[in-house]
Amino acid sequence: MTQQTTDPDFLKRVDDHIALSNEHIEGANGARVAMSGTFAAARFTAWMCANSDGSGERMKARREEAVRIFTDEFRRMFEESFDDFANNFERYRPDQA
């Protein structure tokens with residue numbers, strides 16, 4: 001079961017983050033906005049790990065596991081999103097078709 005099906009507020013938070021990125025893209029380079037969002041997600045996730053691990057030593061011991069889990073999840077989410085945009089390009093970007 002995925003986050004999307006277990007957390008009713010999941011998509012609302014996703015939409016809120018996308019809306020903020022869309023605000024930032026006005027007059028900015030899209031790649032820079034994307035990298036800012038990626039860095040923010042990485043910082044927040046590391047902070048969340050710090051709060052749940054309880055100590056720096058426990059964090060260090062779980063580093064490889066955390067990197068693997070979050071890297072795998074990012075890759076899965078990115079690949080799903082990438083394929084969705086590629087397969088539905090005309091629907092998402094009718095001005096570019």
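Select Ala66 first, a residue of helix α5; helices here are DSSP runs of H or I with at least four residues, numbered from the N terminus. The model is a predicted one, in which local features need pLDDT of at least 70 and side-chain atom pairs count only at pLDDT 80 or more, while totals for chains, interfaces and linings use all residues. Residues are numbered from 1 along each chain as its sequence is written, and side-chain values use heavy atoms, with hydrogens and water left out.

**Along helix α5**

With a relative accessible area of 17%, Ala66 is buried; the term means under 20%, exposed means over 50%, and partly exposed lies in between, for a 1.4 Å probe and protein chains only. Add Ala50 to the selection: the C-alpha atoms of Ala66 and Ala50 are 11 Å apart, with their positions 16 residues apart in sequence.

Select Phe70 next, also in helix α5. Phe70 is partly exposed at 35% relative accessibility. A distance drawn from its C-alpha atom to that of Pro8, 62 residues away along the chain, reads 21 Å.

Proceed to Glu73, again in helix α5. Its relative accessible area of 31% makes Glu73 partly exposed. Between the C-alpha atoms of Glu73 and Met48, which are 25 residues apart along the chain, the separation is 16 Å.

**The aromatic residues**

Now display the aromatic side chains. The whole structure contains four aromatic pairs; rings of Phe, Tyr and Trp (its six-membered ring) pair if their centres lie within 6.5 Å, and planes under 30 degrees apart count as stacked, over 60 as edge-to-face and the rest as tilted. Phe78 and Phe82 form a tilted pair, because their ring centres are 5.7 Å apart and their planes meet at 45 degrees. Both residues belong to helix α5 and are four residues apart, about one turn of the helix. An α-helix has 3.6 residues a turn, so residues three or four places apart point the same way. Phe78 has a relative accessible area of 46% and is partly exposed. Adding Phe74 to Phe78 and Phe82 completes one aromatic cluster.

Select Phe85 and Tyr92 next. Their ring centres are 4.5 Å apart and their planes are at 40 degrees, so this pair is tilted as well. Phe85 is partly exposed, at 45% relative accessible area, and Tyr92 is partly exposed at 33%. Show Arg91 too: it lies over the face of Tyr92, 4.7 Å from the ring centre. Such a contact requires NZ of Lys or CZ of Arg within 6 Å of the ring centre and within 35 degrees of the ring normal.

**Helix α2 and its end**

Which span should the 16 residues of α2 have? At 1.5 Å a residue, taken over one less than the number of residues, the expected value is 22 Å, and the end C-alpha atoms are 23 Å apart, which agrees. Just after α2, select Gly27, where phi is positive at about 75 degrees.

**The largest pocket**

Finally, turn to the largest pocket, with a volume of about 2600 Å³. Of its 48 lining residues, Gly37, Thr38, Ala41, Phe74 and Met77 are the closest to the centre. On a 1 Å grid over the protein atoms alone, a pocket is an open set of points where a 1.4 Å probe fits, with protein on both sides within 12 Å along at least five of seven lines, and lining residues have an atom within 4 Å of a point. Volume is the space filled by probe spheres set on the points, which are joined across faces, edges and corners. Colour α3 (30-53), which supplies the largest share of the lining, 16 residues.

Note on methods:
Helices (H or I, at least four residues) and strands (E, at least two) are DSSP runs, numbered from the N terminus.
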